[in-house]
Amino acid sequence: MNTPSPDAPENPPSSALDGLLELLDLEQIERDIFRGLSRPTIVPRVFGGQVAAQALVAAGRTVPADRSAHSLHAYFLRMGDPGAPIVYTVDRIRDGFSFTTRRVVAVQHGRPIFHLSASFQLYEEGLEHQAPMPPAADPESLPTAAEMLAEYAGHFADPSAVDRLKEARAAIDLRYAAPPPYATAGEPREPRSQVWFRTIGKLADDPLLHVCLATYVSDMTLLDSVLLAHGRGGWAVGDVIGASLDHAMWFHRPFRADEWLLYDQESPSSAGGRGLGQARIYTQDGRLAISVIQEGVIRPARN
């Protein structure tokens, strides 16, 4: 699962991508029990997208190869310790004629930190329609995340936050269609955000790998639209405190995570110290690939 296919000139590989693929290549320590490590993040806890992606890897390793992930539903229970391994235990709760369901619990220091249920389906033909892809700028015309961070580096109270953001996203080519929350802190905007993303380097043809990488990226920016509505810059700027609470994804159509994907995000509500983000992910040729919903804790930072 961790071997990229031959390089493509338009999307050269990065050592960061190799590191991310190694992170997702879990060690199997017993039947239905896997172990994974962590990598540095913006905040001193395990990145939620990482634990979700690793849990989906663990589930997928116990499912027949002819069945693809079509949905996941997850809860973040406790902050993960980035300095300790994470053990993933898979429960084979259903093996049906068309659908296979797995439940995964991630454990650190003897306590569950994350819970995921994932469903896999044997491919079949059926009725088909989709919401149209919204207008979006050409990703090649947009600045990279590194260029954007360099432009707005003065907006961060802690200068090291810029380097930590770059390191956390080094394996992903992430491009905002409009300035991100940290660029316009203090200026409330419409609670909508568009981001193009793809891995920096080509990937093997394993469908589970592409689904897991999209899961990893999906937790990076989904609550940005909540921040935009209130003119907040985000956790790295320091004007909010937050964490993911739950996360759900539906995988509608095949896609590749090493080709451009449009992450069209919005927030319909924030209340009670929580904010809701919802999104659709489209391929560059307009196919609706994934739907995503996430709720997170978002509280104003206290002095």
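These legends accompany an overall view and several close-up views of a predicted model.

**View 1. Overall fold of the predicted protein model, with six helices and 12 strands.** The radius of gyration of the protein is 18 Å, close to the 19 Å that the globule rule gives for 303 residues, so the protein is as compact as a globular protein of that length. Taken along the principal axes, the box filled by the C-alpha atoms is roughly 55 × 45 × 40 Å. Of the 303 residues, 51% are buried, and among contacts between residues at least 6 apart in sequence, 73% join residues at least 24 apart. The accessible surface comes to about 13900 Å², with 53% of that area belonging to carbon and sulfur atoms. The protein carries 28 positive and 37 negative charges, and the mean positions of these two sets are 7 Å apart.

**View 2. The buried and exposed sides of helix H1, residues 15-24.** The buried residues of this helix are Ala 16, Leu 17, Leu 20, Leu 21, Leu 23 and Leu 24. Around the axis they cover an arc of only 155°, which puts them on the same side of H1. Ser 15 and Glu 22, by contrast, are exposed on the other side of H1. The elements that cover the buried residues of H1 include helix H2 (48-60) and helix H5 (207-221), together with strand S7 (172-176) and strand S8 (192-199). As background to such a pattern, an α-helix has 3.6 residues a turn, so residues three or four places apart point the same way.

**View 3. Helix H4 and the loop that precedes it, between helix H3 (145-151) and helix H4 (160-168).** In H4, the buried residues are Ala 161, Val 162, Leu 165 and Ala 168. Seen down the axis of H4, these residues fall within an arc of 135°, so they line one face of the helix. The buried residues of H4 pack against H3 and H5. Ala 153 lies in the loop between H3 and H4, where it is partly exposed, with a relative accessible area of 30%. The C-alpha atoms of Ala 153 and Asp 163 are separated by 9.6 Å, the two residues being 10 residues apart along the chain.

**View 4. Two loop residues with positive phi, Asp 32 and His 109.** Most residues other than glycine have a negative phi. Asp 32, found in the loop between strand S1 (27-30) and strand S2 (33-36), has a phi near 70°. His 109, found in the loop between strand S5 (99-108) and strand S6 (111-122), has a positive phi of about 50° although it is not a glycine. As to accessibility, Asp 32 is buried, with a relative accessible area of 9%, whereas His 109 is exposed, with a relative accessible area of 62%.

**View 5. The surroundings of Gly 60 in helix H2.** Gly 60 is buried, with a relative accessible area of 13%. Leaving aside neighbours within four places in sequence, Gly 60 is in contact with Phe 120 and Leu 208. Measuring from C-alpha to C-alpha in the model, Gly 60 and Val 90 are 9.6 Å apart in space and 30 residues apart in sequence.

**View 6. The surroundings of His 210 in helix H5.** With a relative accessible area of 2%, His 210 is buried. When its neighbours within four places in sequence are left aside, His 210 is in contact with Leu 203, Ala 204, Asp 205, Phe 255, Arg 256, Ala 257 and Asp 258. Leu 245, which is 35 residues from His 210 in sequence, is 24 Å away from it in space, C-alpha to C-alpha.

**View 7. Leu 37 in the loop between S2 and H2.** Leu 37 counts as exposed, at 53% relative accessibility. Not counting residues up to four places away in sequence, Leu 37 touches Leu 23, Gln 50, Gln 54 and Pro 85. Among these, Leu 23 is one of the buried residues of H1. Asp 25 and Leu 37 are 12 residues apart in sequence, with a C-alpha to C-alpha separation of 9.6 Å in space.

Key
Residues numbered from 1 in each chain as written. Predicted model: local features only at pLDDT ≥ 70, side-chain atom pairs only at ≥ 80, totals over all residues. Heavy atoms only, no water. Helix = DSSP H or I, 4+ residues; strand = E, 2+ residues; numbered from the N terminus. Rg over C-alpha atoms; globule rule 2.2 N^0.38 Å. Buried < 20%, exposed > 50% of the residue type's maximum accessible area, 1.4 Å probe, protein only. Contact = heavy atoms within 4.5 Å. Areas by Shrake-Rupley, 256 points an atom, 1.4 Å probe, with all protein chains shown as cover. Lys, Arg positive; Asp, Glu negative; His and termini not counted. Charge placed at Lys NZ, Arg CZ, Asp CG, Glu CD. Arc of directions from axis to C-beta.
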